[in-house]
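User: Please take a close look at the internal cavity in this model and at the parts of the fold around it. I should like the criteria stated along with the results.

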Amino acid sequence: MPSTFDQILTILGTGLPVLLTQLGATVVLLGIGVAIYQAITPFHERRLIGEGNVAAGVVLAGSILALTIPLAATLATSTVLADIIVWGLVALVIQLVTFLVITLVFRGLKAGVEAGNVAAGLGLAAAQIAVALLNAGAMAG
């Protein structure tokens, strides 16, 4: 009769490669999402952050969180790698479109963030995170 420790090792040996594959794919999706986000944003967050612009840091942090939340929901609710990738891509598209819509509706955001207006940065970050939570809920539901 196998011991509990042997059973744990067997399960770990089977599950760990799956976990690492799914986590790796999700991290790659996040990297792609952040890269696309930085390509489409009207801000140059890295430069602004380097200059000490807190608003830009808030926007970038909020954007990364907003991209991560629905990816985490997809990872938590899917067991098949292809499903994680497909729904992960859908999540990223929704979040990137959300960012574009927000920046179109609130036209002064670019100037506000570049000027270091933390209120503008927080508003943008909050809107993105709010949609991310709804996105994650819809994907998990």
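Analyst:
**The cavity and its surroundings**

Searching the whole structure yields one cavity of 30 Å³ or more. On a 1 Å grid over the protein atoms alone, a cavity is a set of points where a 1.4 Å probe fits but cannot get out, and lining residues have an atom within 4 Å of a point. Grid points are joined across faces, edges and corners, and the volume is the space filled by probe spheres set on the points. The model is a predicted one, in which local features need pLDDT of at least 70 and side-chain atom pairs count only at pLDDT 80 or more, whereas totals for chains, interfaces and linings use all residues. Residues are numbered from 1 along each chain as its sequence is written, and side-chain values use heavy atoms, with hydrogens and water left out.

The largest cavity holds about 30 Å³ of space. Its lining is formed by Tyr37, Ser63, Ala66, Leu67, Gln95, Leu96, Phe99 and Gln128. The elements contributing two or more residues to this lining are α3 and α4; helices are DSSP runs of H or I with at least four residues, numbered from the N terminus. By class, the lining comprises five nonpolar residues, three polar and no charged. Here Ala, Val, Leu, Ile, Met, Phe, Trp, Tyr, Cys and Pro count as nonpolar, Asp, Glu, Lys and Arg as charged, and the others, Gly among them, as polar.

Tyr37 of the lining is also one of the buried residues of α1, together with Gln22, Ala25, Thr26, Leu29, Gly33 and Val34. Buried denotes under 20% relative accessible area, exposed over 50%, and partly exposed the range in between, with a 1.4 Å probe and protein chains only. The cover over the buried residues of α1 includes α2 (45-50), α3 (54-77), α4 (81-105) and α6 (118-140). Helix α1 itself spans residues 4-40, 37 in number, and reaches 52 Å from its first C-alpha to its last, close to the 54 Å expected at 1.5 Å a residue; the expected span is 1.5 Å times one less than the number of residues. At Gly15, shortly before Pro17, α1 has a kink of about 30°, the bend being the angle between axes fitted to the seven residues ending there and the seven starting there.

Tyr37 is also touched by Glu45, which further touches Ala56, Val59 and Leu60, not counting residues up to four places away in sequence; contact means heavy atoms within 4.5 Å. Glu45 lies in α2 and is buried because its relative accessible area is 3%. The C-alpha atoms of Glu45 and Leu60 are 6.7 Å apart, although 15 residues separate them along the chain.

Gln128 of the lining is among the buried residues of α6, which also include Leu124, Ala132 and Met139. The buried residues of α6 pack against α1, α3, α4 and α5. Met139, at a relative accessible area of 19%, is therefore classed as buried. Leaving aside neighbours within four places in sequence, Met139 is in contact with Pro70, Thr74, Thr77, Trp87, Val90, Ala91 and Ile94. Its C-alpha lies 9.6 Å from that of Gly88, 51 residues away along the chain.

How values were computed
On a 1 Å grid over the protein atoms alone, a cavity is a set of points where a 1.4 Å probe fits but cannot get out, and a pocket is an open set with protein on both sides within 12 Å along at least five of seven lines; lining residues have an atom within 4 Å of a point.
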